[in-house]
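Reader: I should be grateful for a close look at one part of this predicted model, namely the interior of its longer-described chain and what packs there. Which residues are buried, and what surrounds them?

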Amino acid sequence: MSLHRLARAEEIPPGAMRLFPLGRRGIGVFNVGGALHALNNLCPHAGGPLCLGEVTGTTLAGAAPYALQWIRPGEILRCPWHAWEVDITTGRTVTDPARSVATYPVRVEDGWIVVEVED
Amino acid sequence: MAIIEPEMRGRNPRILDCAVHPAPKAGDDLRAYMPEPWRSRPFPGLQRYFYPAPNGEADPQGATDPEQTAQDVLGSASAAILLPLTRGLLPDADLAAAICRATNDWLAAEWLTRPGFYGSIRISPADPAQAVAEIERWAGDPRMVQVAVTMQSHQPYGQRAFAPIWEAAARSSLPVAVQIDGGSGVEYQSTPVGEGHHYFEWSALYPLNFGVHLASLIAEGVFARLPDLQFVFADGGLDMLPPLQWRMDKNWRPTRHEIPWVDRTPSAYLREHVRFLTRRREGPADAATRGRWLQLADAGNLLLYGSGYPGWDQCDPAAATLGADAEMSAQILGASARAWYRRLAV
């Protein structure tokens, strides 16, 4: 296990993502409404560069037939390769929660973003 | 005329024939069941297909003698579900609805008086209000065990205009059979790139339109909203279901956000909501390969025997179950249909 001091906290404001050269594919650190999440840049579906995907929301069925409800804006990552949706806050894919992207503990220490990666 | 081997004579209580096609002796016979102004209104005959079958269709299209049909069909099956044609899509939605009403009254009066025969409530989805009224008119009659609609349609069946019809069917525990019934000239062309020249092309391709309605019913959330709704594809197609279901399941993952009411893989709706009838002997011709394909297609759960009597391409129990093991054969020939048709007590 190793700790990596990656950036000053203010460099990744809410809504932003920054990709760091850690591991084989890189690790993306996302700020979702003030909470940080670190995800492997490797989609669990087909190995796409997941963290480069669009940060978006998703939908649920609304109360009326055919109505759409927009939920969780800013918490869903859509892979740029095949558009699988991934929940940034858990790493789980939306359609198959058994499949998830690797996530890493991330915190702010003395104003620095620190990620913990297994060696 | 069905060919029933002598050893198949005598009712087989295990067999339930889900597709027998009766027809009036002459097209105009239906007029006796139509009030004016419809009775004197011209409308197309049953013999209207642009793609005649290789040996020509029986004229009129279907079995016309209840007594003979009972002997032929109930010789091998304990009960039969009757599925008459209408006139398909017509420019005049009111006339189409009137023909459906007359067909139902004719069926009830001339065929359903006989034990062992069960009926289909023909409706014309072009006018949902009249279709719902017709379902409700028959919902209390235990001889009617399903609703039937044309495969031909101007919109896929999941789209919202049809929702009240499916609600009415589900409310009365009536599965909805989808049957090719066209040729009147106002339906869309039989392929998206125009008409093939031959019956060969039409008969190979047209039944695959089940996929359009099935994908629509799933994608529009009709099954998700109506847990009791059941659809039966009466022209077969189970042989083509596995590849279609692989495609739908794969495409659903990146597009789920468009259709969030689909909260499971599309194929997960099939067992609860969809059945296919046997049409000819679909699938590979050799028994071993067909047996594997039937397993792949979940035929034990999804396939129901329908002879298609008296059509030229009718399917007997042996052909319908080619390659199936004993357990699956019993399911196909009757056990699955008994569980599926909730109003049928045989």
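Author: A residue is called buried if 20 or more other C-beta atoms, placed from the backbone, lie within 10 Å of its own; 12 or fewer make it exposed, and anything in between partly exposed. By that criterion, 48% of the 346 residues in chain B are buried. The model is predicted: local features require pLDDT of at least 70 and side-chain atom pairs pLDDT 80 or more, whereas totals for chains, interfaces and linings use all residues. Residues are numbered from 1 along each chain as its sequence is written, with chains lettered from A and ligands numbered from 1 in the order in which they are written.

The overall frame of chain B consists of 13 helices and eight strands (DSSP runs numbered from the N terminus, H or I of at least four residues for helices and E of at least two for strands). Its radius of gyration, 19 Å, is close to the 20 Å that the globule rule gives for 346 residues, so chain B is as compact as a globular protein of that length (the radius is taken over C-alpha atoms, and the rule is 2.2 Å times the number of residues to the power 0.38). Along the principal axes, the C-alpha atoms of chain B fill a box of roughly 55 × 50 × 45 Å. Among contacts in chain B with a separation of 6 or more, 82% are between residues 24 or more positions apart; a contact means C-beta atoms, placed from the backbone, within 7 Å.

The interior itself may now be considered. The largest nonpolar core holds 96 residues, and B:Ala169 and B:Val178 touch the most other members. Such a core is a set of buried Ala, Val, Leu, Ile, Met, Phe, Trp, Tyr and Cys residues joined through C-beta atoms within 7 Å. Helix H2 of chain B, residues 93-110, supplies the largest share of this core, with eight residues. A second, separate core has 20 residues, including A:Val29, A:Val32, A:Cys43 and A:Trp84. In soluble globular proteins, nonpolar side chains tend to be buried together.

B:Val178 deserves particular attention. Beyond four places in sequence, B:Val178 contacts B:Val149, B:Met151, B:Phe210, B:His213, B:Phe231, B:Val232, B:Phe233 and B:Ala234. Two of these partners, B:Phe210 and B:His213, are buried residues of helix H6 (residues 210-219) of chain B, as are B:Leu214, B:Leu217, B:Ile218 and B:Ala219. The buried residues of H6(B) pack against three strands of chain B, E5 (176-179), E6 (231-233) and E7 (274-277), and against helices H7 (222-225) and H8 (241-255). Just after H6(B), B:Gly221 adopts a positive phi of about 80°.

Another buried position lies in helix H13 of chain B (residues 326-340), which contains B:Gly334. B:Gly334 counts as buried because 24 C-beta neighbours lie inside 10 Å. Apart from neighbours within four places in sequence, B:Gly334 contacts B:Arg14, B:Ile15 and B:Leu16. From B:Gly334 to B:Leu303 the separation is 31 residues in sequence and 9.9 Å in space, C-alpha to C-alpha.

Finally, chain B also meets chain A, in a contact that takes eleven residues from chain B and 13 from chain A. On the chain A side, strand E5 (residues 54-61) gives the most, with four residues.

Note on methods:
Contact = placed C-beta atoms within 7 Å.
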